[in-house]
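Ready for a little practice in reading a protein structure? Work through the exercises below with the structure in view, and try each task before you look at its solution.

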Amino acid sequence: MPSDDLFAAEGKVIVEAQKLLDDGRFADIGDRTLYEGLLKDYQKLLRTTRRLMRLSDRNEEQLNALSKEQKEANTVIAKHNKELDALATKLSKYLSPQIYHSIFTGAQNVEIASSRKKLTIFFSDIMNFTETTDRLESEDLTNLLNRYLTEMTNIALEYGATIDKYIGDAIMVFFGDPQSKGVKEDAVACVRMALAMLRRLSELHTEWLELGATEPFHLRMGINTGYVTVGNFGGDERMDYTIIGSCVNATARLEFHADTDSILIGHETYSLVKDEVDVEEREPIKVKGFAEPVRCYKVLGLYEDLEREGSVIREEQDGFKVLLDLKKRERAEAIEALQAIIERLKP
């Protein structure tokens, strides 16, 4: 209702009051003067009230208009946010999740910058991949390779790896940046990841054979720990988050010298994982840039798995540690060695 309509009754009161004055109803001049004064004050108060009501109406109209504009602006912002989320989701497919998260949360700037860190690096490569490409049709090879890379990537992410890049059929990942659980923990996670990949590859072999593949993929894996330079490399228009350094090259050489479907690790990685991983030392390998041959070890498995199989017995307490590898020693020899120790403990 318009504000003027609200004062219709007051308007009638003023008209009737003025009519009393005009009709000369007040015989006493003093009463008439007082009545006229009261009527003028009432008229003034009514005018002021009307002005305030009109001002209030205008303010309400402006607020309604602003509210409508705000709703339209919110709709536009929501639409743009949805488009940005969709674009970010697409872009995330080209980045390791850790790198994507650190950039989009502001923890890391997108600029040419790097730092030195001790990381554990992993390389894997499909053996005889070039010959495989000659035997398979392009479509079959693409499906096979994408399935393989998807499976290996899922495992890498599960264990916390930062995926550096795919180089054709090769996979390069590292542990320790931008997130790290500790140098030792990162090295152990890397070896566990590699073993999980080999187990999954064995399962995929069965699937591929059932689908008609005659020679499923076989892998070589290399793992090494050391200082590298990690960060953004490239130019202002295009950059990659990656690692460089002699340790990276050494890891690639370890992968090259690994046996079929096996893992070869460097000495520093071995020193970090030796309490949890059984290994077999191999002949040192020569690596360009290293003055001395690089010591290396073939991973045989996790002690916890070997214990369940019954091939290893471990017992460790404060000041007391026993590891019996029954693949290397007969059970009778182990008993004899333990009895000799018991004799030495007797007073």
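**Exercise 1: The largest pocket**

The largest pocket of this predicted model has a volume of about 720 Å³. Task: find which residues lie closest to its centre, and which strand gives the most to its lining.

Solution. Step 1: start at the centre. Of the 26 lining residues, Y94, L95, S96, D164 and D240 are the closest to it.

Step 2: turn to the helices and strands. Helix 3 (97-104), helix 5 (138-158), strand 2 (162-167) and strand 5 (239-244) each bring at least two residues to the lining. Strand 2 gives the most, with 5 residues.

Step 3: sort the lining by chemistry. It divides into 12 nonpolar, 7 polar and 7 charged residues.

**Exercise 2: Salt bridges of R220**

Task: work out which parts of the chain are tied together by the salt bridge between D125 and R220, and say whether R220 is buried or exposed.

Solution. Step 1: look at the contact. The closest N and O atoms of D125 and R220 are 3.7 Å apart, which is a salt bridge because the cut-off is 4 Å.

Step 2: place both residues. D125 belongs to strand 1 and R220 to strand 4, so their bridge ties together parts that are 95 residues apart in sequence.

Step 3: check accessibility. R220 has a relative accessibility of 15%, so R220 counts as buried. D125, at 17%, is buried too.

Step 4: look for another partner. E255 also meets R220 in a salt bridge (3.3 Å, N to O). E255 lies in helix 7, so this pair links parts that are 35 residues apart in sequence.

Methods. Residues are numbered from 1 along each chain as its sequence is written. This is a predicted model: local features need pLDDT of at least 70, side-chain atom pairs count only at pLDDT 80 or more; totals for chains, interfaces and linings use all residues. Side-chain values use heavy atoms; hydrogens and water are left out. On a 1 Å grid over the protein atoms alone, a cavity is a set of points where a 1.4 Å probe fits but cannot get out, and a pocket is an open set with protein on both sides within 12 Å along at least five of seven lines; lining residues have an atom within 4 Å of a point. Grid points are joined across faces, edges and corners, and a volume is the space filled by probe spheres set on the points. Helices (H or I, at least four residues) and strands (E, at least two) are DSSP runs, numbered from the N terminus. Ala, Val, Leu, Ile, Met, Phe, Trp, Tyr, Cys and Pro count as nonpolar, Asp, Glu, Lys and Arg as charged, and the others, Gly among them, as polar. A salt bridge is a side-chain nitrogen of Lys or Arg within 4 Å of a carboxyl oxygen of Asp or Glu. Buried means under 20% relative accessible area, exposed over 50%, partly exposed in between (1.4 Å probe, protein chains only).
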